[in-house]
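Work through the exercises below with the model open. Each task is followed by its solution.

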Protein chains: 2
Amino acid sequence: MNKLYVIGIGPGEYEQMTLKAIHAMEKSEVIIGYTVYVDLVKEHFPGKEFLTTPMKKEVDRCVMAFEEAKKGKVVSMICSGDAGVYGMSGLMYEVGVNYPEVELEIIPGVTAATGGAAVLGAPLIHDFCLISLSDLLTPWEKIEARLLAAAEADFVVCLYNPSSRKRSDYLQKACDLMMQYKSPETVCGIVSYIGRDGEHYEVMDLKTLRDTKVDMFTTVWVGNSQTKEINGKMVTPRGYRNV
Amino acid sequence: MNKLYVIGIGPGEYEQMTLKAIHAMEKSEVIIGYTVYVDLVKEHFPGKEFLTTPMKKEVDRCVMAFEEAKKGKVVSMICSGDAGVYGMSGLMYEVGVNYPEVELEIIPGVTAATGGAAVLGAPLIHDFCLISLSDLLTPWEKIEARLLAAAEADFVVCLYNPSSRKRSDYLQKACDLMMQYKSPETVCGIVSYIGRDGEHYEVMDLKTLRDTKVDMFTTVWVGNSQTKEINGKMVTPRGYRNV
């Protein structure tokens, strides 16, 4: 069977890749991805053939990867973070039904939720939800219902895609919804450019987050009722009892 | 400032560690962790001093790490998966208030949710929740409320600590609760010994999961309304619309 790796490269810096991801890319003849991520890894894998497709051409990118693998080449499809978290591995299985001769191997990576959490301190620790605020493929009503459910059940919430040019007020809307159940004093945090040049974090409360402008390179964490600030870091305890 | 690394070593195998984690452990003089995880990494870091404490002695383990760092040694505290997901990094910040001379650096790793997802196929992909079924530090009523909220809002749910000797029927209870909102046909998966000898996965529906016995080395995924089985793998699409 022809082998096709689907690889999560982590936040971006080479050091945050797993050995397994590095070895798979070293074994590959062709490395395919979104332009930005290919540019991040290129220098570390000399002599490879790099192919890219722009944003919103994800299906084309998958077909490209399977076509290269079908020719008998060892191929890696790379994603930022983890390929299974708002990444390409699902679509690869869907497109893959047309390529029974190609075997997929998914190689996990550090996703923004945990990569950024390490920068902020320890915001997750306990039960948490990941919610993307992008309504490109998901109706906004569904996103609203999830924000409310997560807030009511006192989950820590990590928001992916909190903003874009077309959706500049979505984070504000999301905070307003969560404040129906979460205190405006809830400890929150944002991290931009996780693991890349310009990495930056801030810890603030939920009502301040509501009025904070973030860009598409920012990930957002909203604490649970127990989350606190310790020496400028965002920290969630491991439970509701002390033992 | 004395440096103390808190490291997520990933699922267990050396290949799934990040370069950053490996380099921090190589720089360390002392490596501290729960016995099982220290045994997993020991052979790869010869010449280090290894210290362990048993389960439920987490506070002692943290104090031990800070005391070693206070002496001026470079110390790594290791956790399986990611140190910030049901791991030690939160407690380290809490204990750390007594050790202002020690600086923590958290190094993220591949957590079971994404590590096991890669084995199952692509079960997460879209919005998901992590819920631990352990009621040692969290009242069961809180866990119930989260299971119901997550099911009602159609999240993919990943269950950590689905079972133990004392809680052998908790997974069954959790499935019954989620079936108030999720179809009994919902595609689910389990993975045991992720990234270790004996790794094993199964894809099944929610009503079958309800009657499946799992052990403490198993992680469980419950799909959303769109999750499907493709060639024996568990795959969640990236949204609710095709574009």
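**Exercise 1. Find the handedness with which α6(B) passes α7(B), then describe the packing in full.**

Step 1. α6(B) passes α7(B) in a right-handed crossing. A crossing is right-handed if the near helix is turned clockwise from the far one by less than a right angle, and left-handed if anticlockwise. Helices are DSSP runs (H or I, at least four residues), numbered from the N terminus.

Before going on, note the ground rules. This is a predicted model, in which local features need pLDDT of at least 70 and side-chain atom pairs count only at pLDDT 80 or more, while totals for chains, interfaces and linings use all residues. Residues are numbered from 1 along each chain as its sequence is written, chains are lettered from A and ligands numbered from 1 in the order in which they are written, and side-chain values use heavy atoms, leaving out hydrogens and water.

Step 2. Take the geometry. Helix α6 of chain B spans residues 140–152, and helix α7 of chain B spans residues 170–178. Their axes come within 8 Å and cross at roughly 40°. Axes are lines fitted to C-alpha atoms, for helices over the stretch in contact, with angles from 0 to 180 degrees between N-to-C directions.

Step 3. Classify the angle. It makes α6(B) oblique to α7(B). Under 35 degrees counts as roughly parallel, over 145 as roughly antiparallel, 65 to 115 as roughly perpendicular, and the rest as oblique.

Step 4. List the contacts (heavy atoms within 4.5 Å). α6(B) supplies B:W140, B:E144, B:L147, B:L148 and B:A151. α7(B) supplies B:Y170, B:K173, B:A174, B:L177 and B:M178.

Step 5. Sort them by class. There are 8 nonpolar, no polar and 2 charged residues. Ala, Val, Leu, Ile, Met, Phe, Trp, Tyr, Cys and Pro count as nonpolar, Asp, Glu, Lys and Arg as charged, and the others, Gly among them, as polar.

**Exercise 2. At what angle do α3 and α4 of chain B pack, and which residues touch?**

Step 1. α3(B) covers residues 58–70 and α4(B) residues 89–96. They pack at about 60°, with axes 10 Å apart.

Step 2. The two helices are therefore oblique to each other. α3(B) passes α4(B) in a right-handed crossing.

Step 3. From α3(B) come B:E58, B:V59, B:C62, B:V63, B:A65 and B:F66. From α4(B) come B:L91, B:M92, B:V95 and B:G96.

Step 4. This contact divides into 8 nonpolar, 1 polar and 1 charged residue.

**Exercise 3. Which rotation superposes chain A on chain B?**

Step 1. A rotation of 180° with 0.0 Å of shift along its axis does so, at RMSD 0.0 Å. The fit is by least squares on C-alpha atoms of residues with pLDDT of at least 70 in both copies.

Step 2. That is the relation of a two-fold axis.

Step 3. The same surface serves both copies, as 100% of the contact residues of chain A recur in chain B.

**Exercise 4. Give the domains of chain A and their contact.**

Step 1. An automatic or database domain assignment sets the bounds. Domain 1 is 2–110 and domain 2 is 113–235.

Step 2. Domain 1 of chain A gives 13 residues to the contact, and domain 2 gives 11.
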